[in-house]
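Visitor: Got a minute to walk through this one with me? I'd like to start with the strands.

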Amino acid sequence: DQPSRASRSKRIKIRNERTLSNCALKLLALLLALYCTCAGSMRVGAQDLSATNPLPAKITQAAQVLSLSPEEARRSHPVDLTGVITCFDQRAQLCFVQDRSAGIFVYDTNLALRVRTGDLVELRGVTAPGRYSPIVNLGELKVIGKGELPNPRRVSIEELVSGRLDCQWVEVKGTIHRASENWGHLLVELANGSSRLKVRVL
């Protein structure tokens, strides 16, 4: 009859919504500002600390790279970092390394990297301005062992859209509104209130 059919439909809808919500809560991914819908605001809140804190002969912390202005990063300062690979996708040319200070995007000009998420690496390279924030142009990289992924920082979708967390390892929660395939990876749209965020699961 009509009432029981409507009741079953309502129960199915509730179960589907709960399933999507549970999936969203379990999504722990590297949410990069590359996937934010407001990528144009990536430089909001960036700081240029090099003017007040002279750079050492060799940069040894990811946070020091991120503090550079585009003009300063363009001067190709030498970089020597030790950190954990938090994300690697060779086809998409994505490589992110995080040390104790911050996460940083590493660009491999030779496309010859053979690493995995969780590898502990030593890398050498030079600074560059990047598209959204300062990056490291890779010179050489060596895997020295297996590291541990850092504890993710819990953030809101609004914080990600601001661009201040570009390259950082974070955790965000929301409800999955849409899901599709992109380059062989799952692409989902998370929503939390009026905020939206696209996330590629690697």
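Guide: Sure, let's start with a residue pair: T127 sits opposite V136, which belongs to β5. Keep in mind that this is a predicted model.

Visitor: How many bridges join β4 to β5, and which way do they run?

Guide: There are 10 bridges between β4 and β5, and the two run antiparallel.

Visitor: What about the hairpin of β4 and β5, how many residues are between the strands?

Guide: That hairpin has 6 residues between its strands, and G130 there takes a positive phi near 70°.

Visitor: Which sense does β1 pair in with β4?

Guide: Antiparallel as well: β1 (residues 78–89) and β4 (residues 119–128) pair over 7 bridges. As one position to look at, P78 stands opposite V126 in β4.

Visitor: Switching topic, where is L149?

Guide: L149 is in the loop between β5 (135–146) and β6 (153–154).

Visitor: Is L149 buried or exposed, and why?

Guide: L149 counts as partly exposed because its relative accessibility is 37%, and buried would need under 20%.

Visitor: What is L149 in contact with, leaving aside neighbours within four places in sequence?

Guide: Its partners are V84, I85, T86, T117, G118 and W169. With I85, the C-alpha atoms are 7.9 Å apart, while the two residues are 64 apart in sequence.

Visitor: And V199, where is that found?

Guide: V199 is in strand β10, residues 195–201. At 1% relative accessibility, V199 counts as buried. The C-alpha of V199 is 9.5 Å from that of A179, 20 residues away along the chain.

Notes
Residues are numbered from 1 along each chain as its sequence is written. This is a predicted model: local features need pLDDT of at least 70, side-chain atom pairs count only at pLDDT 80 or more; totals for chains, interfaces and linings use all residues. Side-chain values use heavy atoms; hydrogens and water are left out. Helices (H or I, at least four residues) and strands (E, at least two) are DSSP runs, numbered from the N terminus. Buried means under 20% relative accessible area, exposed over 50%, partly exposed in between (1.4 Å probe, protein chains only). Contact means heavy atoms within 4.5 Å. Two strands pair if DSSP finds at least two bridges between them.
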